[in-house]
Amino acid sequence: MAQTVADRGIDPVARASLIAQAVRIEARIPFLREAENQVENGQKMAAMRAHNTAMVELRRLNVEIFRGAARVDAVVPLAIAAAANTNDADEAWRRHIHWGDRTLTRDQLEAKFGRPSWAAMLYRTEAEAIGINRLLDKHRPRCIPSPELDELYREIGLPAPGPRAQGAA
């Protein structure tokens, strides 16, 4: 757990007592779960309460331990994150919807992959989907500033979509 905390940009020494408490509770949970399964009906409620209390405490400690941590996907470069999230169905639908690939008809695509996901319909590439979602997370509830959007499209090598692209060039 200390390594995970360090990977997320937090000093594990500063949170050592919280980590120790979380590890202690995590070690108790299997025993509480087993005790819950072995007791009679009268004692089952007490065992369930102990198990539930331990789970709630573990969640609270995890929130405290990772408070202020860097988001994992924000640290991973866009190209690597896109390659990790790519799936055949979305790629086939993107080629059909955005890039004009008519190798398969819409009915054949639906039969093979099901209906298109929203991500496949909205974004031309997986890198665009991840980049836009990162910018939305960063600037929510406000709009994404144009310079950052332009920088994203330069990074992924796509023209900006819509009428803005015609006026920007």
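Two exercises with worked solutions follow, on the fold and on the salt bridges of a predicted model.

Residues are numbered from 1 along each chain as its sequence is written. In this predicted model, local features need pLDDT of at least 70 and side-chain atom pairs count only at pLDDT 80 or more, while totals for chains, interfaces and linings use all residues, and side-chain values use heavy atoms, with hydrogens and water left out.

**Exercise 1.** Determine how many helices and strands the protein has, and why it counts as more spread out than a compact globule.

*Solution.* Begin with the DSSP runs, where a helix (H or I) needs at least four residues and a strand (E) at least two: the protein has 11 helices and zero strands. Next, take the radius of gyration over C-alpha atoms and compare it with the globule rule, 2.2 Å times the number of residues to the power 0.38. The protein has a radius of gyration of 24 Å, well over the 15 Å that the rule gives for 169 residues, so it is more spread out than a compact globule.

**Exercise 2.** Find which residue forms a salt bridge with Glu 148, and state whether Glu 148 is partly exposed or buried.

*Solution.* Apply the rule that a side-chain nitrogen of Lys or Arg lies within 4 Å of a carboxyl oxygen of Asp or Glu. Glu 148 pairs with Lys 138, the closest N and O atoms being 3.2 Å apart. Glu 148 lies in helix H10 (residues 146-156) and Lys 138 in helix H9 (residues 126-139), so the pair ties together parts that are 10 residues apart in sequence. Finally, classify by relative accessible area (buried under 20%, exposed over 50%, partly exposed in between; 1.4 Å probe, protein chains only): Glu 148 is partly exposed at 24%, whereas Lys 138 is exposed at 55%.
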